[in-house]
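Colleague: Could you take a close look at how one pair of helices packs in this model, and then set that contact beside the strands and the backbone around them?

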Amino acid sequence: MASQLSQQYAFRAQKSMGLVNGTPTYMPIEGFAVPDVPARTYHYSPDGRLFAYALPTVVRIFLAEGAQLLQELSVPNIIELKFSPRGTYLSTWERPVKLEDGAQHKNLRVFSASTGEELISFTQKSQENWDLQYTMSESHAIRLVAQEIQVYRPAEWGKGIADKLRVEGASMVSLSPGLNPSVAVFVAEKKGAPAVIKIYGLSTLSGAPTCSKTFYKADRAQIKWNDLGTQVLVLTQTEVDNSNMSYYGETGMYLLSAAGNFDCRVTLDKEGPIHDVSWSPNSKEFGVVYGYMPAKTTLFDQRVRTLHDFGSSPHNFISFNPQGRLVALAGFGNLAGKIDIFDRRTLTKICTIDAPNTSYCEWSPCGRFLLTATLSPRLRVDNGIKVWHCTGGLMHVQLVEELYQASWRPTPLDQAPQFGSTIPAAPQPSISVLTAALTAKPVTPKPAGAYRPPGARGLATPAIFKREDEGGAPRMPTGSGSATPPRGYNRSPNPPGSMGHANGATPSNGNGQYQNGNGGRRHVPGAAPKTPSTAPASGADGGDKKPKKKGKKKEKGFGEAGSGAATPTGEASVRPSIDVTVGGTQTPGQGSVPPTPGAESLDPIAKKVRNLNKKLKAIDELKEKASRGERLEATQLKKMEGEAEIRKELSSLEITA
């Protein structure tokens, strides 16, 4: 067996960057110099041998083991880095700019990682899928340029394009891993023509495709090969969901064989989007998380036969550990951040990890640990890294302000520790776990249950919100035969106590108008009473009323200056009056203030008794909270101390009454 690589992870933040050893020490790697300016990105080589990061003016390449500096490339404004599978080549990408001489900007460059020499450069406008795709042996590299697949031989960059294939409408290309690489090309649906996925053998690129499938409802796609490169999952998605069931469009999934002997649609038994899909490292099965929340998770074999149904849970993430022994199902994003770990052999749950606000999750190369990180700008608070053991224990905590990136150092399976036939026991956690526990703020767990409005929230339901059979206060009869308590106001146009008020207003004619005892006229508080005119109508005035109204408006401008002013007809204007009910009879009041509904029926002693009863009811509720163990404030305790005095005053008032 090859020599084992040490466990390691890297992180990048606004004000810091580092390489950290894994279990059991979790100490920063000695000799790694933290850059003075913020790094824009970093990347490990897939074999875990090299590490590189980009600064605004330079790119530095290190040996990951020991953090020894190998090369320093003087290339400014680099924002993307990527190594080839064996770490021989380093690709860099910068934003394209317009050159003064009008030439195209070669913003995609390929360097030799060992010598730092620039080998070839290209023009690549889009940042999405910007890098070349290499075979595992680095014998070939491909890229998609304007619907044309171009093939290069990295050992002979200077000879240019070695082979090419033009596919009309090609929007995505994916090179498979494995010893016999294939190329999958996706053509999106356009103008009524269906989408198509075609698979070509890399060595026979100019020949007919080995597999081809057409389908609808596919504006874009994700292509996921298994590790052997023998089968591919195509996850399709539309921009708009025509059924209006999802904001993110409709999704579908298809399984194709590179040899062309099998292809089918993956039929799912629950409606809703496909949240995540992942191949097992054995390349013989895959897991899918799908459906509206709570989502369903199912394992399928390579012929889309159901192997196991994990049931419905709030999950949107699935990941196998590198050995394929464990499966992690989690709910991130707007979900609670619960991670369920299952044993693939027995299909039983091992543990549940509570990792809220997680925006990145990755298995360690040894398959024993999970790294979770809260990254910015997804979340700008509580940024940091946590390392969990597969049995659920928290091993390490590192809080980092404005954390942008974190990841394990990749390690080939033959250089990683063996997982073993049984689930390994958790080692001793680092001192950072104890420190974080001591400094963390205590969080009160929120009880799960039905929604309650803010006024009804608490550790237990207040008595006012309980039914009588649940221990609540007995319902008091209102005397009106209605469940709604009486109020001092209603929608009646008449004041309280007047004829037609409340139930007294009854329809008196066939058109639905109400007769309120005032001649059918509506009573407006504060308005002048409408008295019938006693003057006989003359022949000139009795014809048309509209000219008469216009004349009144003109006359008001002259004489209506205040109350009691003379009118052109010689009559004094009447002051607004309000009808006040006294002793059950309605008497007109001159210049009085409208009474508060219901207030005229209470004398000062009754009002005082009512207020004291309210205070006693509030004290009873405070006592009930205290009996449940709730913490009361000082003002609430002081209010409870005054109960005896309130009862004494109440008894004296009742004797007086």
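Modeller: Before turning to the helices, a cut-off is needed: angles under 35 degrees count as roughly parallel, over 145 as roughly antiparallel, 65 to 115 as roughly perpendicular, and the rest as oblique. This is a predicted model, and in it the axes of helix H3 (residues 604-627) and helix H4 (residues 634-641) come within 10 Å and cross at roughly 120 degrees. H3 and H4 are therefore oblique to each other, and H3 passes H4 in a left-handed crossing. On the H3 side the contact is made by Ile 619, Leu 622 and Lys 623, which meet Gln 636, Lys 639 and Met 640 in H4. Sorted by character, the residues of this contact between H3 and H4 divide into three nonpolar, one polar and two charged.

Turning from helices to strands, an open sheet of four strands follows the order E27-E28-E29-E30, with antiparallel pairing. Strand E27 (317-320) and strand E30 (349-354) stand at the edges, each with a single partner strand, so one side of each is left without a neighbour in the sheet. From one strand to the next, the twist averages 20 degrees. Within this order, strand E28 (residues 326-330) and strand E29 (residues 338-343) run antiparallel and are joined by five bridges, and Val 327 stands opposite Phe 342 in E29.

The backbone in several loops also deserves attention. Most residues other than glycine have a negative phi, and most peptide bonds are trans. A cis peptide bond, with omega about 5 degrees, joins Thr 23 and Pro 24, and Pro 24 lies in the loop between strand E2 (17-21) and strand E3 (41-44). The peptide bond from Met 293 to Pro 294 is also cis, with omega near 0 degrees; Pro 294 lies in the loop between strand E24 (285-290) and strand E25 (295-301).

As for phi, Asn 129 is not a glycine, although its phi is positive at about 50 degrees, and Asn 129 lies in the loop between strand E10 (118-122) and strand E11 (133-134). At 55% relative accessibility, Asn 129 counts as exposed. Lys 217, likewise not a glycine, has a positive phi of about 55 degrees and lies in the loop between strand E18 (211-215) and strand E19 (220-225), where, at 47% relative accessibility, Lys 217 counts as partly exposed.

Conventions. Residues are numbered from 1 along each chain as its sequence is written. This is a predicted model: local features need pLDDT of at least 70, side-chain atom pairs count only at pLDDT 80 or more; totals for chains, interfaces and linings use all residues. Side-chain values use heavy atoms; hydrogens and water are left out. Axes are lines fitted to C-alpha atoms, for helices over the stretch in contact, and angles run from 0 to 180 degrees between N-to-C directions. Helices (H or I, at least four residues) and strands (E, at least two) are DSSP runs, numbered from the N terminus. A crossing is left-handed if the near helix is turned anticlockwise from the far one by less than a right angle, and right-handed if clockwise. Contact means heavy atoms within 4.5 Å. Ala, Val, Leu, Ile, Met, Phe, Trp, Tyr, Cys and Pro count as nonpolar, Asp, Glu, Lys and Arg as charged, and the others, Gly among them, as polar. Two strands pair if DSSP finds at least two bridges between them. Buried means under 20% relative accessible area, exposed over 50%, partly exposed in between (1.4 Å probe, protein chains only).
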